[in-house]
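Please consider the following protein, starting from its overall form and ending with a group of paired strands. The sequence and the structure are shown first.

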Amino acid sequence: MAEKNKQKRLNILGEDEFEAIFGRPKFTYEDRCHYFTLSEPERELLQRLRSVKSKAYFVLQLGYFKAKHQFFTFDLLDVEDDLQYVLKQHFNNSEIDDLLSIDKFTRLNQQRLILELFGYRSCGSEEKKQIEKKARQTVKVSGKPIFIFREVMNYLFEQRIVVPGYSFIQETVVGQAITFEQNRLTAIIQGHLKQPDIQALKELLEDAQGLYEITQLKREPKDFSLKEIKREIDRGQQIQSLYQLAQSLLPRLGISNESIKYFASLVDYYSVYKLKRLDEWMVYVYLLCFVYYRYQRMNDNLINTFIYNVRRYVDEAKFTAKDQVYQRYTDNRQNMKKAGEVLKLLTDDDIAADTPFGDIQKKAFSILERQKLASVADQIVTNAKWDETTLQWEHIDQLARQFKRHLRPLFLMVDFAAPSMNDPLIEAIEFIKQAFRQKKSLRQYASGDLPHRFLSDNVKRYIYQQNSDGQKTLSVDRYEFFIYRLLRNRLEAGDVFCRESIRFRSFEDDLIDDEQWQQKDTLMADVGLTTVNQPIHDHLEELEQKLESRIAGVNHRIASGENDHIKKRGVHNRWTLSNTRDVETINHFFFDALMPIDIGSVLHYANQHCQFIDVFDHILGRYAKQTKDDQVLIACLIAWGTNMGLGRMGEISDIGYPLLATTSDNFIRLETLKEANDRVSNAIRKLSIFHHYDIDETIHSSSDGQKFETKINTINSRHSPKYFGLKKGIVSYTMVANHIPVNARIIGANEHESHYVFDILYNNTTDIQPEVHSTDTHGTNEVNFSILHFFGYQFAPRYKDIYGTVSRSLYGFKHPSQYRDILIKPIRKINTNLITEEWENIQRIILSLALKTTTQSIIIGKLSAYARKNKTKQALWEYDNIIKSLYFLDYIDSPPLRQNVQRSLNRGESYHKLRRAVSYANFGKLRFKTEQDQQIWSECSRLLSNCIIYYNASILSNMLTYRDTQGLDSDVLKQISPVAWQHINLYGHYEFNKSQDSVNMDAIIQKLAQQKMIPE
């Protein structure tokens, strides 16, 4: 955002990105073959022109337009290679003497013909007004310039409008949209903020006892300890009044939750020094958004802690009870043997018949104590089993002081609600909250005065206990804990929620409001939701025809033997599919011939070609005293990305820790790291080798989580015995497309990866936009097929047990009995009436996802949860069953599809191995104290990996060009993965201050050619 009295040109694209989008295409031989091939209508237009020069210029304009939907002014001399190809293919190698451009009238006339041919229109004054309107709508969703730019470019493509000049989009469209939005927000804030409110906001930026209040509020709890959570509660109480102010003002601003989150993040990114130098009224907007978002994060943290602790107590009680039952069974077996010896006394002939019973009894008790003998006798008579639940509650009694100390503060701080105004649990919650706030013990109330409607009969037998008089009385400790346990269950199910929360608010609050919904048709058209915006009856008829046709076709191919990859097993129609294999390997021997290079030189090379260092601007902007030193910044990136840490880097390099720490604090932020990664990813996309990694001529991405153990506890570090043993860890969830890690995020080890599939796809800000996306089974749930389908992606997961999955989840539009005796048979008829009835609600959900009304992974998580099923969710699941069933049939019928899925997932696994090698300092165990630090490590590690892939892909691309010019076959080269690191020195002693030797790519290619690493 602009600073006071300073208008800077808005920086949206880097040089490489600008060239990729607005520069004249630079075609390879394959590109020329594709774009300069003429269809019959194009040939007919060509015949209207007269001279060879005019015709050749037309073919060139046509090819460039096909590639970028733009027109370019050029001399023929500038495009000599393309011209020679066109002359050879279409004009019998005719020669043109005049290599200047054609005249303007002819050029514009050709452009008019091309526009008419493709149904495009020029960007005139009316179109420009529509573009500006689109930008002003988009900026309310997200104020990020790159997001607005991409939405405008998508709009131009959908409306078939020729892209105008970059400067127009940069300044007139995006720049003015942001300025307009700032002015709009400022005017609203100025009209509604009162002087006491302004003073309260200013106090956040004041120095209190050596630390700014806003700096204290930025801190989040490190773990679930009582000390950390009490600090979090204090922070929440500190901003409670400002949160109420934000609640009343932010709805007036008319911005999305995504924008609120973005503006809040600016307070995180900017120092107090910088904030004080921004426009005063916009800073108030940022602070209100920060308070709003931070208070809701506080509630999220408290509820997560509450759920974590209740689960911990329940699990501990279950474990203890099981252990006690096991111990009692063990003791009972031992006592049973001794009881048998006691019974033998009755048949012992050596004992005289007139022996007093007391003597026999004494002998019996010497074998087995009276109490144990009585217990065994009762066990034999009643055949009773020990009640494990009773033992659990007895352990809860022992934990009473502990759970009250840990759970009550959380319980009292958070406001809970339920859909029903008369919910029995909410009644009990409000009652005991009031009692605790009045410093009353529940023992001060008569049992009949405590709310009990939420207590089921099977629970009452444990909540009520017999006293010494034999009367049943309520155990208030058990009563209180049962409320906590039931509250945890219903929070996870979504039946109880907190409106002042992000993750735990009601599902209805996550959706767009009624006012926005009135504009649904316009909004759905604006965001390109064509599938969900069509009449549902027509759409279902189309899907029915498609699905029924596929069921018949797939079964016919199986019955006829055409699909010989499916193998029947046994007599119960069981079947299996043959395995698929992938040929791509990591650390290909091709790279063995390269001279070793250190990671610093790799980053230096990548920066020379991608300029990713340019995005790391100082947090104080033009007020900064420290200038950026590229080598120091690279040292910081390596220290973070390798998991080494700045301290260790200061010890083993020629740059001291103080300079490293200062540089890191001033320049490295999540926003700049993501942009740097985007620049490198986009640069790889421009390399000639990139599209040779396409799978079936499409970009086929995959996403998967990689586990990392954490040495220091953080609030998102969780136990996972399978991966961490007794330790804790996190998951780095990454999306890989054509070997490139294009997007990533950190999630908890306890979170379901399927909730983040759409999130990581839709929020990918690179130019690498996949059409097909794969995951393993962990990425599947009940809604991902439908959600991705609505947004134009094909979801293509891999299933471990495809027979079991299809047997449980294949659906059709007819009753199963109508399919007769076929192998691949639906288990149930699709409920089309349910989908039709709920279609409007489904549209509302999808539109909310598109407009980013809340974090998408949260909505997906709620939609895919089994615990609570409402009618709309069931309808969405039903629609998902249609898309899922179509995929199952394709998966069964198409070995190439299965191979493509496997290939895409293998690329993700290959990247994980590279990432593990890059981050293996400290044995790969993360040592970061906060969630923010973990995210910075993740992005730095991804940046290092991206640079390695760029370096390798550059070598492969240059080698490909060399072999093409030599007329050599390159099929083997095109299959070599750029994921390799055997030639990269990742660790050792770093010397950043000595001059960096530039990579001599020509020399590398010549050496590889001489060694004949690729067979000719």
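In which sense do strands S8 and S10 pair, and over how many bridges? In this predicted model, S8 (residues 700-710) and S10 (residues 728-737) run antiparallel to one another, and 10 bridges join them. Before these strands are examined, the protein as a whole deserves attention.

The secondary structure consists of 43 helices and 16 strands. The C-alpha trace extends over about 135 × 80 × 65 Å along the principal axes. The radius of gyration is 34 Å, which agrees with the value near 31 Å that a compact globule of 1016 residues would have. Of the 1016 residues, 54% are buried. Among contacts with a separation of 6 or more, 76% link residues that are 24 or more positions apart.

The accessible surface amounts to about 47,400 Å², and carbon and sulfur atoms contribute 47% of this area. As to charge, the protein carries 135 positive and 131 negative side chains. The centres of these two sets lie 3 Å apart.

Attention may now return to S8. In this strand, 11 of 11 residues are buried. In a regular strand, side chains alternate between the two faces of the sheet. For S8, one side presents His700, Ser702, Asp704, Gln706, Phe708 and Thr710, while the other presents Ser701, Ser703, Gly705, Lys707 and Glu709; both sides are covered. The buried residues of S8 thus include the charged side chains of Asp704, Lys707 and Glu709.

S8 has pairing partners in S10 and S12. With strand S12 (residues 772-774), S8 pairs in the parallel sense over 3 bridges, and Ser702 has Ser774 as its bridge partner. In the antiparallel pairing with S10, Phe708 stands opposite Ile730, and Gly705 faces Tyr733.

S10 is likewise covered, with 10 of its 10 residues buried. Lys728, Ile730, Ser732, Thr734 and Val736 lie on one side of S10, and Gly729, Val731, Tyr733, Met735 and Ala737 lie on the other. Ile730 and Tyr733, the residues opposite Phe708 and Gly705, therefore belong to opposite faces of S10.

From S10 the chain continues into strand S11 (residues 740-748), and these two strands pair in the antiparallel sense over 8 bridges. Ala737 of S10 stands opposite Ile740 of S11. The two strands form a hairpin with 2 residues between them. In the turn, Asn738 adopts a positive phi of about 50°.

Key. Residues numbered from 1 in each chain as written. Predicted model: local features only at pLDDT ≥ 70, side-chain atom pairs only at ≥ 80, totals over all residues. Heavy atoms only, no water. Helix = DSSP H or I, 4+ residues; strand = E, 2+ residues; numbered from the N terminus. Rg over C-alpha atoms; globule rule 2.2 N^0.38 Å. Buried < 20%, exposed > 50% of the residue type's maximum accessible area, 1.4 Å probe, protein only. Contact = heavy atoms within 4.5 Å. Areas by Shrake-Rupley, 256 points an atom, 1.4 Å probe, with all protein chains shown as cover. Charge placed at Lys NZ, Arg CZ, Asp CG, Glu CD. Pairing = 2+ DSSP bridges.
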